[in-house]
Amino acid sequence: MGHPYAGALYYNMMRSQGGTPLQSFGFTLFQSTLWGVRDRVGRRAAEHPGPRHRADRGSLLGEVFHQLSLEILKKGNLNFGQKVLVFFLNPSWVINNGFRAPE
């Protein structure tokens with residue numbers, strides 16, 4: 001679960017700043033490729049799935065997290081539990097935009 005969640009974080013770094021799904025996927029693919037190169041240099045390549053595979057899963061999960069977090073934010077007046085959930089799903093949104101609903 002760690003690799004897809006990390007990919008979702010990369011994906012939402014771009015989405016939270018106004019990036020399109022395609023731009024966000026490209027950023028996730030780039031970051032995943034960098035980690036894949038590091039893995040191949042520092043460890044055996046057979047231990048990890050390929051960068052594209054990680055980017056695919058991470059981007060899919062990232063878009064789901066992005067949409068869910070925005071739906072929660074649109075309701076407004078969040079309680080503590082909802083804020084924790086939004087932060088878990090999309091920490092980049094909270095860092096870049098606080099708990100404001102999208103415009």
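Is Phe 27 buried, partly exposed or exposed? Phe 27 has a relative accessible area of 24% and is partly exposed, where buried means under 20% relative accessible area, exposed over 50%, and partly exposed in between (1.4 Å probe, protein chains only).

The model is predicted: local features need pLDDT of at least 70, side-chain atom pairs count only at pLDDT 80 or more, and totals for chains, interfaces and linings use all residues. Residues are numbered from 1 along each chain as its sequence is written, and side-chain values use heavy atoms, with hydrogens and water left out.

**Stop 1: aromatic pairs**

The structure holds 4 aromatic pairs. Rings of Phe, Tyr and Trp (its six-membered ring) pair if their centres lie within 6.5 Å; planes under 30 degrees apart count as stacked, over 60 as edge-to-face and the rest as tilted.

Select Tyr 10 with Phe 27. The ring centres of Tyr 10 and Phe 27 are 6.3 Å apart and the planes stand at 80°, so this pair is edge-to-face. It links distant parts of the chain, with Tyr 10 in helix 1 and Phe 27 in helix 2, 17 residues apart. Helices are DSSP runs (H or I, at least four residues), numbered from the N terminus. Tyr 10 counts as buried, at 19% relative accessibility.

Next, select Phe 65 and Phe 88, a tilted pair with 6.4 Å centre to centre and 50° between the planes. This pair also links distant parts of the chain: Phe 65 is in helix 3 (residues 51-75) and Phe 88 in helix 4 (residues 80-89), 23 residues apart. Phe 65 is buried because its relative accessible area is 9%, while Phe 88, at 46%, counts as partly exposed. Add Tyr 5 to the selection: Tyr 5, Phe 65 and Phe 88 form one aromatic cluster.

**Stop 2: the nonpolar core**

Keep Phe 65 and add Ala 8, Leu 61, Leu 70, Ile 72, Leu 73, Leu 78, Val 86, Leu 89, Trp 93 and Val 94; together they make up the largest nonpolar core, 11 residues in all. Such a core is a set of buried Ala, Val, Leu, Ile, Met, Phe, Trp, Tyr and Cys residues joined through side-chain atoms within 4.5 Å. Helix 3, helix 4 and helix 5 each give two or more residues to this core, and the largest share, 5 residues, comes from helix 3.

Centre on Ala 8. Leaving aside neighbours within four places in sequence, Ala 8 is in contact (heavy atoms within 4.5 Å) with Gly 58, Leu 61, Gly 62 and Phe 65.

**Stop 3: Asn 12 and Thr 28**

Asn 12 lies in helix 1 (residues 2-15) and counts as buried at 2% relative accessibility. Not counting residues up to four places away in sequence, Asn 12 touches Gly 62, Phe 65, His 66, Leu 89, Asn 90 and Ser 92.

Move to Thr 28 in helix 2 (residues 21-42), which is buried with a relative accessible area of 1%. The side chain of Thr 28 reaches the backbone oxygen of Ser 24 at 2.8 Å. Measuring C-alpha to C-alpha in the viewer, Thr 28 and Gly 62 are separated by 9.7 Å and lie 34 residues apart along the chain.

**Stop 4: Lys 83 and the segment after helix 5**

Select Lys 83 and Phe 99. The charged end of Lys 83 sits over the ring of Phe 99, 5.5 Å from its centre; the criterion is NZ of Lys or CZ of Arg within 6 Å of the ring centre and within 35 degrees of the ring normal.

Finish at Gly 98, in the segment after helix 5 (91-97). Gly 98 is partly exposed, with a relative accessible area of 26%. The C-alpha atoms of Gly 98 and Lys 83 are 9.9 Å apart in space, and the two residues are 15 apart in sequence.

Key:
A polar contact is a pair of N or O atoms within 3.5 Å; within protein, one must be able to donate a hydrogen and the other to accept it, and residues adjacent in sequence count only if both atoms are side-chain atoms.
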